[in-house]
Amino acid sequence: MHDQTVLASRRTFLRAGAVFSLGLLASCGTPKLTPSGDGSDQTEATLGYINALRKQKGLQPLVRDPAAAQAALSQASRMAKAGKMSHLIGLGDSFLSRMKSGGVGLPAAENIAMGQDSAERAYAAWFNSPKHLENMLGPNYSGLGVGVMRNPASGNRPYWAMVLSAS
């Protein structure tokens, strides 16, 4: 009887540990989109550059998409907080999940950059990168959001994010 009680206690302990571990892993997933540091919405400052480029290529202009702007500012914040430029930050992070949870119209794309001191320079970096340029010229996008964030914990380096959306 004592062995059965010990075995039952071990099972209970293991189940509790598994539940705790799953909870811990879930909390490491996609972080909530809350700005951390000093940042700003740079959509209006970037929109003219992108729309001039799109006009040259015979594409429809983009418009400011508030959901894309929030998603961009949140991604810039996440990068500044982590001190690294990356689309995916943290265990279980997912671009698609971030876009869906932020109400961003799909399809969507994300351009990121680090270190540029103005929207013009961030745009130039994206323009000079073939994959980023392809995103900016995407015919399925109609919305845009751009954000920049600096965080003292990561040396106040500017982290940029652009989200293109089907708004």
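Is His87 buried, partly exposed or exposed? In this predicted model, His87 counts as partly exposed, because its relative accessibility is 31%, a value that lies between the limits of 20% for buried and 50% for exposed residues. The residue is located in the loop that joins helix 3 (66–82) to helix 4 (95–101). Beyond its neighbours within four places in sequence, His87 is in contact with Gln75, Arg78, Asp93, Arg98, Glu110 and Ile112. With respect to Ala76, which is 11 residues away along the chain, the C-alpha atom of His87 lies at a separation of 9.7 Å.

Helix 3, which precedes the loop of His87, was examined for its length, its covering and its two ends. For its 17 residues, a rise of 1.5 Å a residue predicts a span of 24 Å, and the end C-alpha atoms are indeed 24 Å apart, so the expected and modelled values agree. The helix is mostly covered, with 13 of the 17 residues buried. At its start, a side-chain oxygen of Asp65 comes to within 3.0 Å of the backbone nitrogen of Ala67. After the helix comes Gly83, which has a positive phi near 70°.

A second loop position, Gln42, occurs between strand 1 (38–41) and helix 2 (43–56). Gln42 is classed as buried because its relative accessible area of 19% falls under the 20% limit. When residues up to four places away in sequence are not counted, Gln42 touches Ala119, Val146, Gly147, Val148 and Trp160. Of these partners, Val148 is 106 residues from Gln42 along the chain, yet their C-alpha atoms are separated by 6.8 Å.

The packing of helix 2, which follows Gln42, was then considered. Two packed helices are described by the angle between their axes and by the distance between those axes. The axes of helix 2 and helix 5 (residues 119–127) approach within 9 Å and cross at roughly 35°. This crossing of helix 2 and helix 5 is right-handed. On the helix 2 side, the contact is formed by Ala45, Thr46, Tyr49, Ile50 and Leu53, which meet Ala119, Glu120, Tyr123 and Phe127 of helix 5. By class, the residues of this contact comprise seven nonpolar, one polar and one charged. Ala119, one of the helix 5 residues in this contact, is also touched by Gln42.

Notes: Residues are numbered from 1 along each chain as its sequence is written. This is a predicted model: local features need pLDDT of at least 70, side-chain atom pairs count only at pLDDT 80 or more; totals for chains, interfaces and linings use all residues. Side-chain values use heavy atoms; hydrogens and water are left out. Helices (H or I, at least four residues) and strands (E, at least two) are DSSP runs, numbered from the N terminus. Buried means under 20% relative accessible area, exposed over 50%, partly exposed in between (1.4 Å probe, protein chains only). Contact means heavy atoms within 4.5 Å. The expected span of a helix is 1.5 Å times one less than its number of residues. A polar contact is a pair of N or O atoms within 3.5 Å; within protein, one must be able to donate a hydrogen and the other to accept it, and residues adjacent in sequence count only if both atoms are side-chain atoms. Axes are lines fitted to C-alpha atoms, for helices over the stretch in contact, and angles run from 0 to 180 degrees between N-to-C directions. A crossing is left-handed if the near helix is turned anticlockwise from the far one by less than a right angle, and right-handed if clockwise. Ala, Val, Leu, Ile, Met, Phe, Trp, Tyr, Cys and Pro count as nonpolar, Asp, Glu, Lys and Arg as charged, and the others, Gly among them, as polar.
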